[in-house]
Amino acid sequence: MLDNDTIVALATAHGVAGLAVVRVSGPDAVAVADRVFHTAEWVVPPVSHRAVYGILKSPTIGETTDYQAIDEVLCLPLLAPRSYTGEDTVEFFCHGGRAVSRLVVAACRQAGARPATPGEFTRRAFMNGKLSLDRAEAVADLIHAEGRHAARAAIGQLLGGLDRQLTSIEQPLLSLLSEIEGSLEFSEDEDMSVDPVRVHGILTEAVEKITELLALAPAGRLLRDGVQVVLAGPPNVGKSSLFNRLVQEDRALVDDEAGTTRDVVSAVVEHRGVRFEFHDTAGLRQDAGRVESMGMDRTRRSLNEADIVLHLQEASHLPLDAACGNGHDALAGTAHGQADGAVVIRVGTKADQDIAASEGYDVLTSALDGRGLPALWDTLHQQLEGSGLRQAVGMGVVLNERHQHKLQVCREELSLLLDQLAVGDPGGEVVGTMLSSILGQFGEISGRVFSEHLLESIFSRFCVGK
């Protein structure tokens with residue numbers, strides 16, 4: 001695939017809709033449009049950013065004026081460099097529908113464009129300097145955002161949120177490297193050495209800022225994947241009933257027979273801008289049958305992947321721990337142990353009954369009348385306060401695993417350099433070499449330093465047309 005040829009793809013989702021957008025980008029984008037677009041108002045070169053109404057047709061080749069009409073469209077030329085990709089681009093706004101959009105794409109291909117690969121438009125935007133690599137990744141996050149906070153954080157990063165944070169770390173290091181390299185140009189008898197106290201201060205500040213950024217890594221995962229909430233507890237405690245209440249639909253089967261839930265049932269809910277994914281699981285108990293035990297194994301796997309566990313117990317006059325000790329939940333310890341690293345919220349169920357008691361529970365609920373549901377939602381949101389989620393949204397920072405790994409490497413190398421400075425002056429050449437390596441790692445986050453393999457791994461995850 002060449003970065004200097006002309007590509008075409010459907011830029012909107014497949015399916016029936018009022019409109020579909022077909023995007024053509026590359027050096028021959030205007031020529032392709034000229035072969036398929038028919039209107040008296042069309043001129044070559046066209047006026048950039050001015051939409052024109054006309055008929056999209058089968059390609060006109062040579063001197064022939066015969067054509068087959070495909071659809072009524074608006075044609076929007078976006079000439080370089082004022083386009084998404086930074087090169088000549090033409091977008092056709094046609095009627096939505098699988099057949100029409102397919103025919104429009106096919107006509108553009110006949111006229112000289114080739115099918116775009118996944119993420120190729122955004123890749124070209126990066127290669128042409130329209131986007132940094134972290135901002136290009138934010139495009140994918142914005143497309144796939146399913147919660148209000150996730151969308152806000154992604155657009156914040158697309159507008160340069162993470163880039164600003166990285167620049168605030170990089171610039172002092174770049175200035176320091178330039179100063180060190182400049183001092184090496186002078187002879188040894190001239191006093192042009194860099195103040196070690198100032199060097200220590202700059203490196204220490206960089207480590208602190210990287211640590212602050214890395215503290216937002218959990219928030220990035222929560223924004224991207226949603227908060228994983230697992231409902232666990234003994235059979236017949238009301239897990240499925242509470243699950244249905246939380247997701248506001250009858251997704252899980254409810255019955256008085258113990259062991260009704262055999263598999264994990266999941267549903268996604270957006271609440272106050274946060275995406276929660278709830279998982280109703282099989283009840284944990286001893287003496288379960290073979291099929292029920294298989295369901296319990298899936299419960300334990302879900303607990304291992306949980307961010308928050310709602311550990312349900314039927315509310316009684318006994319405190320929760322005492323109830324567990326009396327065999328009310330013989331596997332309560334298993335539920336807590338399997339959820340290692342997750343927050344466990346103790347939820348008392350069936351609080352509408354006269355025997356309900358609040359002692360030992362974080363929240364009392366009733367799936368029958370909805371009692372305690374607002375308090376449970378408040379508790380769920382309170383558990384996210386330490387994740388840095390709101391801070392990440394405000395700053396426009398959505399760290400992914402690639403960003404996190406590179407930042408960890410930079411912090412480790414900076415800490416190593418600080419250790420060397422603490423035991424003596426390692427020399428300007430050593431400090432300069434290590435700083436160059438660290439700045440190279442930073443460059444891979446923003447895309448100032450990249451490889452073909454890196455670009456392929458990132459943009460192959462994009463959809464075709466973006």
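This briefing walks through some packing features of the structure above, from its nonpolar cores to its rings, helices and largest pocket. Keep in mind that this is a predicted model. The largest nonpolar core has 33 residues, and a second, separate core has 32 residues. The structure also holds seven aromatic pairs, and its largest pocket has about 570 Å³ of space.

**The nonpolar cores**

- A good place to start is the largest nonpolar core, where F276, F278, L310 and L380 have the most contacts inside it.
- In soluble globular proteins, nonpolar side chains tend to be buried together.
- L310 is in contact with V229, V230, L231, A232, L246, I345, V347, L376 and L380, leaving aside its neighbours within four places in sequence.
- The second core is separate from the largest one, and L173, L177, L213 and L407 are among its 32 residues.

**F278, a residue to look up in the model**

- You can find F278 in strand β10.
- F278 counts as buried because its relative accessibility is 0%, and the cut-off for buried is under 20%.
- Not counting residues up to four places away in sequence, F278 touches eleven others: V229, L231, F243, L246, V247, V265, S266, A267, V269, W377 and L380.
- Between F278 and G226 there are 9.7 Å in space, C-alpha to C-alpha, although the two are 52 residues apart in sequence.

**Aromatic pairs and a cluster**

- Of the seven aromatic pairs in the structure, here are two to look at.
- F126 and F450 pair edge-to-face, with 5.3 Å centre to centre and 75° between the planes.
- This pair links distant parts of the chain, 324 residues apart: F126 belongs to helix α3 (residues 120–127), while F450 sits in the loop between α16 (428–446) and α17 (452–459).
- The two partners can be compared by their accessibility: F126 is buried at 8%, whereas F450 is partly exposed at 39%.
- F276 and W377 also pair edge-to-face, with 5.5 Å centre to centre and 70° between the planes.
- That pair links distant parts of the chain as well, joining F276 in strand β10 (residues 274–280) to W377 in helix α13 (residues 373–382), 101 residues apart.
- F276 is buried, with a relative accessible area of 0%, and W377 counts as buried at 9%.
- Elsewhere, F37, W42 and F92 form one aromatic cluster.

**Charged side chains over rings**

- R23 lies over the face of F121, at 5.3 Å from the ring centre.
- K466 lies over the face of Y84, at 4.2 Å from the ring centre.

**A buried serine**

- S302 is found in helix α10 (residues 290–304).
- Its relative accessibility is 13%, so S302 counts as buried.
- Setting aside residues up to four places away in sequence, S302 touches V230, V264 and T281.

**Helices α5 and α8**

- In helix α5 (residues 148–158), the buried residues are H149, A150, A153, A154, G156, Q157 and L158.
- These buried residues pack against α4 (133–144), α6 (161–183), α8 (217–225), β10, α14 (389–395) and α15 (401–423).
- After α5 comes G160, whose phi is positive, near 110°.
- In α8, the buried residues are A217, A219, G220, L222 and L223.
- The elements covering the buried residues of α8 include α5, α7 (196–214), β8 (227–232), α14 and α15.
- After α8 comes G226, whose phi is positive, near 90°.

**The largest pocket**

- About 570 Å³ of space lies in the largest pocket.
- Its lining has 22 residues, and D141, R224, D225, N400 and E401 lie nearest the pocket centre.
- α4, α5, α8 and α15 are the elements that give two or more residues to this lining.
- Which element gives the most to the lining of the largest pocket? The answer is α8, with six residues.

Notes. Residues numbered from 1 in each chain as written. Predicted model: local features only at pLDDT ≥ 70, side-chain atom pairs only at ≥ 80, totals over all residues. Heavy atoms only, no water. Phe/Tyr/Trp six-rings, centres within 6.5 Å; stacked < 30°, edge-to-face > 60°. Helix = DSSP H or I, 4+ residues; strand = E, 2+ residues; numbered from the N terminus. Buried < 20%, exposed > 50% of the residue type's maximum accessible area, 1.4 Å probe, protein only. Lys NZ or Arg CZ within 6 Å of the ring centre and 35° of its normal. Core = buried A, V, L, I, M, F, W, Y, C linked by side-chain atoms within 4.5 Å. Contact = heavy atoms within 4.5 Å. 1 Å grid on protein atoms, 1.4 Å probe; cavity = no way out; pocket = protein on both sides within 12 Å on 5 of 7 lines; lining within 4 Å. Points joined across faces, edges and corners; volume = space filled by probe spheres on them.
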